[in-house]
Amino acid sequence: MKQIPLLALLTICLGGCVTPARLLTFPFDPGGRSLNSTYADQSPQMAGRYLIFVSDRRGSQDIYLYDLTTQRLIDLPGLNAPDFIASQPSISADGQFIVFTGIRQGISGIYLYNRNTRQLRNLTASLRAAVRNPSISADGRRIAFESSVNGQWDVVVYDRAGQPIAGL
């Protein structure tokens with residue numbers, strides 16, 4: 001019986017399963033904006049009808065929100081600022097709450113933005129540690145992120161008020 005080399009078998013199997021990535025075309029809104037750009041668009045995450053990501057299309061690293069239903073970018077007043085580097089966004093399923101890592105004056109924090117009130121708040125202002133990789137629950141009530149408070153990267157969970165959730 002003739003044996004097929006493992007590499008050849010994997011190539012045949014994976015080659016048949018892989019389709020090339022394709023760029024989706026999204027229309028421009030009346031303001032001339034579209035989902036895709038020639039700039040660096042990073043960290044896309046979907047929840048419900050929303051797609052959130054980071055882009056440097058305006059010369060600073062900002063958060064962008066795209067409505068997949070209406071196929072339009074949504075304005076986020078009070079969220080992005082020139083002295084602020086935003087990264088790693090996450091959004092609740094209803095699109096009301098956005099969390100992300102923000103760096104201002106060299107200090108990182110986990111920020112919560114409420115789209116209804118247009119308020120931005122640093123949830124970790126009193127935490128003396130580096131933080132990263134926030135994720136918000138679908139209902140927007142809990143935020144998990146990594147913290148170096150114990151000298152290693154630990155996962156911690158806060159409520160929306162910025163308080164650690166006991167027992168986790």
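Of the 168 residues in this predicted model, 35% count as buried. The protein has one helix and 11 strands. Along the sequence the helix comes ahead of the strands, in the pattern α-β-β-β-β-β-β-β-β-β-β-β. Contacts can be sorted by how far apart their partners lie in sequence. Taking those between residues at least 6 apart, 30% join residues at least 24 apart.

Now turn to one sheet. Three strands build it, in the order β9-β10-β11. The sheet is open, and its pairing is antiparallel. Strands of a sheet pair through backbone hydrogen bonds, either parallel or antiparallel. Which strands stand at the edges? They are β9, residues 131-136, and β11, residues 154-159. Each has a single partner strand, so one side of each is left without a neighbour in the sheet. Neighbouring strands are also turned against each other, by 25° on average with direction ignored.

Look next at the pairing of β10 with β11. Strand β10 covers residues 142-147. How many bridges join β10 to β11? There are six, and the two strands run antiparallel. Two of the pairs can be picked out by residue. Phe 145 has Val 156 in β11 as its bridge partner. Ile 143 has Tyr 158, also in β11. These pairs illustrate the antiparallel run of the two strands.

The two strands form a hairpin, with six residues between them. Within this hairpin, Gly 151 takes a positive phi near 80°.

Asp 154 deserves a closer look. This residue lies in strand β11. Asp 154 is buried, yet it has no salt bridge. Where is the nearest side chain of opposite charge? It belongs to Arg 132, 9.8 Å away. A salt bridge requires a side-chain nitrogen of Lys or Arg within 4 Å of a carboxyl oxygen, so Arg 132 does not qualify.

What, then, does the side chain of Asp 154 meet? It makes a polar contact of 2.9 Å with the side chain of Asn 150. A further polar contact, of 2.7 Å, joins the side chains of Asp 154 and Gln 152. Other neighbours come from farther along the chain. Leaving out residues up to four places away in sequence, Asp 154 touches Phe 145, Glu 146 and Ser 147. Phe 145 has already appeared, as the bridge partner of Val 156. Asp 154 is thus a buried residue without a salt bridge, with side-chain polar contacts to Asn 150 and to Gln 152.

Technical notes:
Residues are numbered from 1 along each chain as its sequence is written. This is a predicted model: local features need pLDDT of at least 70, side-chain atom pairs count only at pLDDT 80 or more; totals for chains, interfaces and linings use all residues. Side-chain values use heavy atoms; hydrogens and water are left out. Two strands pair if DSSP finds at least two bridges between them. Helices (H or I, at least four residues) and strands (E, at least two) are DSSP runs, numbered from the N terminus. Axes are lines fitted to C-alpha atoms, for helices over the stretch in contact, and angles run from 0 to 180 degrees between N-to-C directions. Buried means under 20% relative accessible area, exposed over 50%, partly exposed in between (1.4 Å probe, protein chains only). Lys and Arg count as positive and Asp and Glu as negative; His and the chain ends are not counted. A polar contact is a pair of N or O atoms within 3.5 Å; within protein, one must be able to donate a hydrogen and the other to accept it, and residues adjacent in sequence count only if both atoms are side-chain atoms. Contact means heavy atoms within 4.5 Å.
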